[in-house]
Structure formats: structure tokens, C-alpha cells
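Biologist: Please take me through this structure from the start. I would like to hear the reason behind each term you use.

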Amino acid sequence: MTPFTPTRRQLLTMIGQVAGTAAMYQAMTSLGFAQESGYTQPVALQGPRAQRRVLILGAGVAGMAAAYELRQAGYEVKILEYQNRHGGRCLTIRGGDRFTEMGGHEITCDFESDGYFNPGPWRLPVHHRAVFDYCRRLGVPLQPFIIKNNKAFLHSSKAFGGRPQRVGHVEKDMRGHVAELLAKSLDQRQLDDTVTHEDREKLLEGLKEWGVLNNDLQYRSSDDLGGVRGWDIHPPGGLMPGKRPSEPVDLSPLLQSGLWDQLFNFNSYTFEPPMFEPVGGMDAISDAFAREVEDVIQLGARVTRIAQDEGGVTVTYEDANRGGSVQEETADWCICTIPLSVLAQIEVQCSDRMQKAIAAVPYASAFKVALEFRRRFWEQDDWIMGGISYTDLPLVQIAYPNYGFMTDGPAVLQAAYDTSTAGRNFTYSWSTMTPQERIDAAFALGRQIHPQYDAEFMSGTSWVWHRVDWSLGCYGQWTDDLRDQHYRDLCEIDNRLVLAGEHCSEIPAWLEGSLLSSLDAISRLDQRENAA
Amino acid sequence: MTTPQLYACFLFIATVAYGATSEAQAQEASDDPIAELLARFSEDEELFTQTSGEALYRTTCQACHMEAGEGAAGAGAYPPLAGNPKMNSKHFVAGVILNGYQGMPHFADEMDDAQVAAVTNYVRMELGNAYQDAITADQVAKLRPPDGGDSTDR
């Protein structure tokens, strides 16, 4: 290998990337994806001054949390929900489920195993404290979600002959090469302007161990490296063949492959291990809320108008359970959690500023495909136990189940997933496909990473958020400019009406955003109720 | 045919179609449903690489406005593009594609002026519409927001 001579800035940038500095985090933060949760303890409401009725629109997590807390504080609550189910975007699909999406295609799920598929939220960062606290209070059992598995694959269709590489190998090779470059620069006194003599010695010592460098400060295959990067032949038992350490990949092909970039998927605070998921599917969370408030949810109610005056709110809706007849509900307050994409098409009596905010936020494109296979070949053949593989193919990622390890029989992969806010456009094209076409495409692409698809495929299912009539997209696609212009106007109480949901948070798309928004909305409503 | 069988039939072409897609190749492979499907993905993950109005419609707009531009309705709705009086104005249509509209995302960053013009003309001259006044890439350029992406050819 011929090491190139990087500038100091290039070097430091590379170190930053490998060590995971604030750079990625800042980029994420500007998109509103990596905020610390503001949750510290359960919300404390004063309760109403007299009998008060709160009408909540939408039985998703934000709406149900509001109902749960307000009722405990003494408010009378009722939820109107368009669908014939509770839970909103927090849902899980299992074998036997059927949905009709916009355009009239039926989504079928014929999984034979107990494998499940979470089309919306599917993993919980530990700093999303409100979600965890509700899981504790409502008795939702959690299990680890393996976000980073060093045995999972990073794959480029254009590098290494299309052969996937292991996450751990790419990570350790980048670390080793960068350590070598930096160590040599230090050794050649090229960084004496910035590093003191004492620090230089410490740094060199550390780099040798961190990058597993030999005495010539080179990153090379050795038994020491085998103990860090792994073995081509593992240490034997008895008279089995002797161990042989694995061979690092050279720096240049690694850099040119783009796999280093894929490694950054694991770099952000949001995706810091460990992550968690509810046992048995994400709908365990929505079901837990529903157990508390089911008696106040009216299903099949399509809101067509939200009117208000000083005295209260009147909501008009079509009641699917009474032949679509037009009904009205009145209340003292209204909490509306309807996604802005849908709300923008509903007549709402509110300030011009709130109207403009409601109409200003585009809804992100996102999709998922799940496939069921006859056996867990990723575990049995590839030794991938849970976690996520990434690829430059339009399927973007394959997520392995984090439960049922090494069991025989069929199992479900999340075989394709992306969102447009990740900066890629593939998700629009997935969204144009019929349910069968999505399965065909996920199959045809995925077999380039796991050729076992050919022999083991059973069935598939999918979800396209832009083909869901009650959300018209996945989540509020805020930008910094849009937030500057509209966020406050969207979140302020407008007379008797307040909006809530992930779109009213700086944690878009995440359950934590919807919960914090809901708790903040009911706290302000409760304060307004009790204001002199 | 099952999915694996279907795939086996077209293994070679499908493999070629992604990674080496040009629209010409996509058309050559038009007998192959899987290759045609995979050709719907852009060659560039950030920018749409299709150039014809129809190809761009099939890879983006169709997600919401559906195969024949008929739109769809439920709790919320996507407007039909056929017979919709708002389609009268080519400037309006191109502006919506560039800037978005309510929940609809904008495509100023992912499409250049020629692409926006091609989609605009496609949805106004096909899909049951028969407007005659085409929009040009230069006219699209004037509709771009000040920081609305790269308007030039790539």
C-alpha cells in the first residue's frame, strides 16, 4: 500500500469520521432527527375548574396519550378516529392481515411464522424517555433491538465484485488505516505544530493499540489483528487446522467502495446502541394505550369540519358506522392529531397563521417491504444474528429479526426500507409500484446480497406511506426554513383548538415526538383552563 | 409464475438493468417485467436520471396520482390530473412540481428544468388532458425559488 500524504485538515476530518464527532450529529440535528428528549417525569395536570369536555381527533399514540392523561386529571374525553382501528402509524402487520391502499390494491400478508412487520416506528432510542416511561407505566415488555451488528453486511453493487463486506471488517480496517496514517505523520513530526511532545508519545502509544499497528506502525494481518478483526481460520480445538488471522482490505478500495459512508449509518446519537423494541411488535405500545382509553374511542368517524368560538368547539364528521351520516360533537377544547397532509384538506376555523402552517409542511415519502423465508439462512449460513445490513441498491437496508434466534422454520426479514429525508429518491419509485411489484423488486435486488432468496422465499408484504389515505405520507418533512416560518404558529393554542402529533415536534417521525407534543399540548391547555 | 421463477427467467437482463440503466436499455428490456420495474429506480440516489416526461411520471408522480392520473380519495385525497381545471396553467403545474403543494413534497432539488418541463408537459398533454401549450426549460427556470436546487443540466 502506498499511503497518500493527507493535509492536516483531511487527516483530522478522517479521524472525526472514524471516531464519530459532532459533525454527523450536527447534520442530524439540523434535520431535527437527534434531539434529546425533554421528558423528565409524568405530566402533572391541575385538572378542570368545572366539568370540561375535551374532544380528541385521532386515536394514534399522541391522541390516546392525551386522552389517558386528561381523563386521569378529571377532564371528560372522547376520541374520534377515522379508521376502524386504533394506533395510527404505530402498527404491526402479521400473517392474515389485509389492507386496501389508495389506488385500490390489496396488501396481503400471508406469513406462516409468528414473524411480524412494523411499517412505521420499529426501534426505540434509549434517550426517548417518554416512550420508555409509558412502556413502564403501561406494562409493555421490551427487548433489545440490535441496531449495529458487526457481522451484518455493508454492500456496494459496484465494489468488491458485488460481494458484501462485514460491518466489523470495514470499521476495523478504516480505523487501522487511519491510525497508521496518523501514527506515521506523528512519527515523522508532521503534526508538531498542533501536538505537544508529551501528547505525541501518548497518542502514538494509543494509536498502535487502537488501530492494532505493528512496531513499524503498519496496519497488517497478524495474530494480534486476528484477535480484533477475526480469523480466516478460527482458533482450533484438538487437532483441527491452526488459526489464521483475517486479511485487512487496503485503504484505497475501501474509500472508493463507499462502504465507509454506509458505516456512518451507525454513527448518530439516535441510533446509538443499545436500542429496544416492544416484544411481539410495535403495536404493543398502541395497544397498551388503547387498553386504557378504548371506551372513549369512536372508530369510523371521518372529520370534515372543525369549528370553534369563544364558548367551545364543534366538530362535524361522517359516521361510517351509521351509513356515513353527518354527525356533530361539541366540546370545550379540541386536540387535533390529524396529520397535516390530511388536515390541510379539512375545513378548520383557526387563525390565518395556523392555516398557513397546516398547509406548509410536506409529508415525507417512506416505504417498507418484508419477506418471509423458509429458514433463517442469514443466521445459519451467514452468522448474522439480528441487526441491519446496508447496500447501495435501492432497497437500502435489510433488517434481520431480533427475536427467535436459531429457531427452525420460517422467519421474516424487513427486506427494504428507506425514507426520502435520508436524501435518496428511491422511495418515490418504490411508492409507484403495486404491492406485488414491490415484492418482486425487493426480491430481485435482495438476492444480490443473499443469494439464498432464490431457494427460500415464501411470501412478502409491504407498506407505502404515500398510499395510506389517513396520512398521505409518512411524517412532517420539516426544514429549518419551514420551522422558522411556521412551527410556533402550528403549536400555539388557537382559542379552543390545539394541534399535536409528531408534526408538532422537533423529533419528526418518532413516537417520542408525538408523545412530547401531546404532553406539551395538554399541559398548555390545562394551564389555559386554569388561567384567571 | 412465482416470483423466483419469474426472476430466474430474466436473471441476466434484470441484473444488467440495475446499475447500468439508461433509458435505451430500459426500453430494450421492456419485455422483461422485472428489468422494467428495476429501471424505475434512478441511477443517481439524489437526482432523478430519467429524462422523458412519461418515465419521470412513472418513477415519481404515479405514487400518489396513480397509473392513469386518476388520483385517489379516502380520509385525505390526491387530486386527479385528468380533467382538473388547475391543469390549465402550465406555470401552476410546473410551480407545484418545483415547490410542492400542501402535503406534496417539492422536486426542485431532484429534477432539473428540462425534467420539470417534461413532466409538466406529460401530465398536461397525456393522462386524458390535451393542452397544446408546452412549457420550456427556460420558463421553468424562472419559476424556481431562489435556492431551489440546481436548475442546469448535470
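Modeller: What follows goes through the two chains and the contact between them. The model is predicted.

Biologist: What makes chain A count as compact?

Modeller: Its radius of gyration is 26 Å, and the globule rule gives 24 Å for 532 residues. The two values are close, so chain A is as compact as a globular protein of that length. Along the principal axes, the C-alpha trace of chain A spans about 80 × 60 × 40 Å. Chain A has 18 helices and 23 strands.

Biologist: How many of the residues of chain A count as buried, and what does the word require?

Modeller: A residue is buried if 20 or more other C-beta atoms lie within 10 Å of its own. Of the 532 residues of chain A, 49% count as buried.

Biologist: How do you know that the buried residues of helix H10 of chain A lie on the same side?

Modeller: In this helix, residues 283-293, the buried ones are A:Asp283, A:Ile285, A:Ser286, A:Phe289, A:Ala290 and A:Val293. They cover an arc of only 155° around the axis, which puts them on the same side of H10(A). As background, an α-helix has 3.6 residues a turn, so residues three or four places apart point the same way.

Biologist: Which elements do the buried residues of H10(A) pack against?

Modeller: Among them are helix H3 (61-72), helix H4 (129-138) and helix H18 (511-530) of chain A. Strand S2 (76-80), S11 and strand S12 (297-298) of chain A are also included.

Biologist: Why are S5 and S11 of chain A called a pair?

Modeller: Two strands pair if there are at least two bridges between them. S5(A) and strand S11 (residues 275-278) of chain A have two bridges, in the antiparallel sense, so the definition is met. A:Pro125 stands opposite A:Met275 in S11(A).

Biologist: What makes a strand of this sheet an edge strand?

Modeller: An edge strand pairs on one side only, as do S5 (124-125) and S6 (142-145) of chain A. The open sheet has three strands in the order S5-S11-S6 (chain A), with antiparallel pairing.

Biologist: What is chain B built from?

Modeller: Chain B has eight helices and two strands. From the N terminus on, its elements run α-α-α-α-α-β-β-α-α-α. Of its 154 residues, 43% count as buried.

Biologist: How many residues of chain B are in contact with chain A?

Modeller: 34 residues of chain B are in contact with 40 residues of chain A. The largest share of the side of chain B that touches chain A, six residues, comes from H5(B). The residues of that side divide into 17 nonpolar, twelve polar and five charged.

Definitions and conventions: Residues are numbered from 1 along each chain as its sequence is written. Chains are lettered from A and ligands numbered from 1 in the order in which they are written. This is a predicted model: local features need pLDDT of at least 70, side-chain atom pairs count only at pLDDT 80 or more; totals for chains, interfaces and linings use all residues. Two residues are in contact if their C-beta atoms, placed from the backbone, lie within 7 Å. Helices (H or I, at least four residues) and strands (E, at least two) are DSSP runs, numbered from the N terminus. Ala, Val, Leu, Ile, Met, Phe, Trp, Tyr, Cys and Pro count as nonpolar, Asp, Glu, Lys and Arg as charged, and the others, Gly among them, as polar. A residue is buried if 20 or more other C-beta atoms lie within 10 Å of its own, exposed if 12 or fewer, and partly exposed in between; C-beta atoms are placed from the backbone. The arc is that of the directions from the helix axis to the C-beta atoms. The radius of gyration is taken over C-alpha atoms; the globule rule is 2.2 Å times the number of residues to the power 0.38.
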